[in-house]
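Biologist: Before we discuss anything, could you put the sequence and the coordinates where we can both see them, and then take my questions in turn?

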Amino acid sequence: MAVSIRLRREGAKNRPYYKVVVADSRSPRDGKFIEIIGTYDPKKPDHNSTLKLDRAEYWISKGAQPSDTVRSLIKKNKKQAASAPAEAKPEPPAPAAPAEAAPAPARPIAETAAGEPTES
């Protein structure tokens with residue numbers, strides 16, 4: 001069975017949205033597929049795709065052939081994944097403040113002779 005990694009069209013008329021799928025090359029474009037490994041929104045500017053790179057690499061190692069568009073999406077996502085850890089360096093955690101004791105009541109409460117509390 002020849003397996004390909006390609007786009008499956010979703011979305012409304014004039015509002016394309018694609019899912020990146022692993023499918024038998026003989027099945028129709030929007031037909032049966034094996035696994036969904038990502039999404040692609042061509043109308044969205046800048047970062048417009050998500051991809052499970054580990055699954056894409058797995059299927060390519062098993063002989064799946066990515067389409068030209070999917071190949072470029074994989075390349076873009078690899079480049080973005082490589083630059084993301086360098087940009088998002090975690091800050092060192094701030095020292096924890098010591099736990100404070102429970103606050104004392106604002107006014108002391110005194111009891112009357114009848115045993116009813118009154119504020120003084």
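**Charged pairs**

Biologist: Does Asp24 count as buried or exposed?

Modeller: This is a predicted model, and every value I quote is computed from it. The relative accessibility of Asp24 is 15%, and the buried class takes in residues under 20%. Asp24 therefore counts as buried.

Biologist: With which residue does Asp24 form a salt bridge?

Modeller: As general background, side chains of opposite charge can pair when their charged atoms come close. For Asp24, the closest N and O atoms of the pair are 3.0 Å apart, inside the limit of 4 Å that defines a salt bridge. The partner has a relative accessible area of 66% and is exposed, whereas Asp24 is buried. The partner of Asp24 is Arg26.

Biologist: How many residues apart are Arg55 and Glu35, which also form a salt bridge?

Modeller: In this salt bridge, the closest N and O atoms of Arg55 and Glu35 are 3.0 Å apart. The pair links distant parts of the chain, with Arg55 in helix 1 (residues 53-61) and Glu35 in strand 3, and the separation along the chain is 20 residues.

Biologist: Of Arg55 and Glu35, which counts as buried?

Modeller: Arg55, at 27% relative accessibility, counts as partly exposed. The other member of the pair has a relative accessible area of 17%, which places it in the buried class. The buried residue is Glu35.

Biologist: Which residue of helix 1 meets Lys78 of helix 2 in a salt bridge?

Modeller: The N to O distance for this pair is 2.8 Å, and the contact links distant parts of the chain, namely helix 2 (residues 68-87) and helix 1, through residues that are 21 apart. Lys78 is partly exposed, with a relative accessible area of 40%, and its partner also counts as partly exposed, at 34% relative accessibility. That partner is Glu57.

Biologist: How many salt bridges does the structure hold?

Modeller: We have now discussed several of them, including Asp24 with Arg26, Arg55 with Glu35 and Lys78 with Glu57. The total for the structure is six.

**The sheet**

Biologist: In what order do the five strands of the open sheet stand?

Modeller: Strand 1 (residues 3-12) and strand 2 (residues 15-24) run antiparallel and are joined by 10 bridges, with Ile5 standing opposite Val22 of strand 2. Strand 2 and strand 3 pair in the antiparallel sense over five bridges, and strand 3 pairs antiparallel with strand 4 over three bridges. Taken as a whole, the sheet has mixed pairing, and its strand order is 4-3-2-1-5.

Biologist: Which strands stand at the edges, each with one side left without a neighbour in the sheet?

Modeller: The order of the sheet is 4-3-2-1-5. A strand at the edge has a single partner strand, so one side of it is left without a neighbour in the sheet. This applies to strand 4 (49-51) and strand 5 (65-66).

Biologist: How many of the six residues of strand 3 are buried?

Modeller: Strand 3 spans residues 35-40; Gly38 in it is the bridge partner of Val20, and Thr39 is paired with Thr50 of strand 4. Strand 3 is largely enclosed by the rest of the structure, since its count of buried residues is five.

**Aromatic pairs**

Biologist: Which residue forms a stacked aromatic pair with Tyr18?

Modeller: There are two aromatic pairs in all. In the stacked one, the rings lie 6.0 Å centre to centre with 25° between the planes, and the pair links strand 2 to strand 3 across 22 residues. Tyr18 is buried at a relative accessible area of 19%, and its partner is buried at 16%. That partner is Tyr40.

Biologist: What is the angle between the planes of Tyr58 and Trp59?

Modeller: Tyr58 counts as partly exposed at 36% relative accessibility, while Trp59 counts as buried at 16%. Their rings are 5.4 Å apart, centre to centre, and the pair is edge-to-face, with an angle between the planes of 80°.

How values were computed: Residues numbered from 1 in each chain as written. Predicted model: local features only at pLDDT ≥ 70, side-chain atom pairs only at ≥ 80, totals over all residues. Heavy atoms only, no water. Pairing = 2+ DSSP bridges. Helix = DSSP H or I, 4+ residues; strand = E, 2+ residues; numbered from the N terminus. Buried < 20%, exposed > 50% of the residue type's maximum accessible area, 1.4 Å probe, protein only. Salt bridge = Lys/Arg side-chain N within 4 Å of Asp/Glu carboxyl O. Phe/Tyr/Trp six-rings, centres within 6.5 Å; stacked < 30°, edge-to-face > 60°.
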